[in-house]
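Reader: Please pick one part of this model and look at it closely. Then set it against the rest of the chain.

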Amino acid sequence: MHTLLFKKLLVLVETKKGLKVKGLCSENGCEYTSHEFGDFRMSRDIRREFTTPYTHFQNGVAERMNRTIQDRVVSILHHANFLQGFWAEVVLTPVHVINLSPNTAIGLKVAQ
């Protein structure tokens with residue numbers, strides 16, 4: 001399942017953005033450790049890096065962004081008196097706002 005999703009993401013990144021994926025970093029869980037995924041990754045010359053499982057501080061930027069999104073979702077749910085069941089719909093709002101905000105990682109441009 002993860003291999004199929006990764007392949008779809010890879011096609012999207014390479015065709016829409018014109019970028020080549022050179023590496024994949026994830027915790028040492030079971031998500032991307034199948035032989036099928038390993039063979040695919042090696043055929044595309046994508047290097048593999050592991051962090052230690054359950055050590056969020058090794059992936060600081062992504063974990064901080066996840067926390068920022070989570071905090072914004074909780075705030076929206078609380079202030080709008082929404083039920084927790086609306087979590088999936090509400091999470092789209094802060095993600096959309098973040099994607100439309102200038103980002104220093106891409107030269108103060110807006111993600112497209």
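**A close look at Phe86**

Author: Phe86 lies in the loop that joins helix H3 (60-79) to helix H4 (87-99). Helices here are DSSP runs of H or I with at least four residues, strands are runs of E with at least two, and both are numbered from the N terminus. The model is predicted, so local features need pLDDT of at least 70 and side-chain atom pairs count only at pLDDT 80 or more, while totals for chains, interfaces and linings use all residues. Residues are numbered from 1 along each chain as its sequence is written, and side-chain values use heavy atoms, with hydrogens and water left out.

Phe86 has a relative accessible area of 41%, so it is partly exposed. That class lies between buried (under 20%) and exposed (over 50%), with a 1.4 Å probe and protein chains only. Phe86 also belongs to a nonpolar surface patch with Phe82 and Leu83. Together the three have about 320 Å² of accessible area. Patch members have over 30% relative accessible area and no salt bridge; nonpolar side chains (Val, Leu, Ile, Met, Phe, Trp, Tyr) are joined within 5 Å, like charges within 9 Å. Areas come from the Shrake-Rupley method with a 1.4 Å probe, and for residues only the protein chains shown count as cover.

Now the rest of the chain. It holds four helices and two strands. Their order from the N terminus is α-β-α-β-α-α. The accessible surface is about 8,800 Å², with 60% of it on carbon and sulfur atoms. Of the 112 residues, 20% are buried. Take contacts (heavy atoms within 4.5 Å). Among those between residues at least 6 apart in sequence, 41% join residues at least 24 apart.

Helix H3, at one end of the Phe86 loop, also helps to line the largest pocket. That pocket has a volume of about 910 Å³. Its lining counts 23 residues, and Leu9, Val13, Val61, Ala62 and Met65 are the closest to the centre. Helix H1 (2-16), strand S1 (23-27) and H3 each give two or more residues. H3 gives the largest share, seven residues. A pocket is found on a 1 Å grid over the protein atoms alone: an open set of points where a 1.4 Å probe fits, with protein on both sides within 12 Å along at least five of seven lines; lining residues have an atom within 4 Å of a point.

H3 carries a salt bridge too, between Asp71 and Arg67, at 3.0 Å from N to O. The term means a side-chain nitrogen of Lys or Arg within 4 Å of a carboxyl oxygen of Asp or Glu. The partners are four residues apart in H3, so about one helical turn separates them. Asp71 is partly exposed at 40%, whereas Arg67 is exposed at 51%.

The salt bridges number three. In one of them, Arg44 pairs with Glu14, with the closest N and O atoms 2.5 Å apart. This pair links distant parts of the chain, 30 residues apart: Arg44 is in the loop between helix H2 (35-43) and strand S2 (47-51), and Glu14 is in H1. Arg44 is partly exposed at 30%, and Glu14 is partly exposed at 26%. Arg47 and Glu49 form another bridge, at 2.8 Å from N to O. Arg47 is partly exposed at 47%. Glu49 is partly exposed at 36%.

Technical notes
Points joined across faces, edges and corners; volume = space filled by probe spheres on them.
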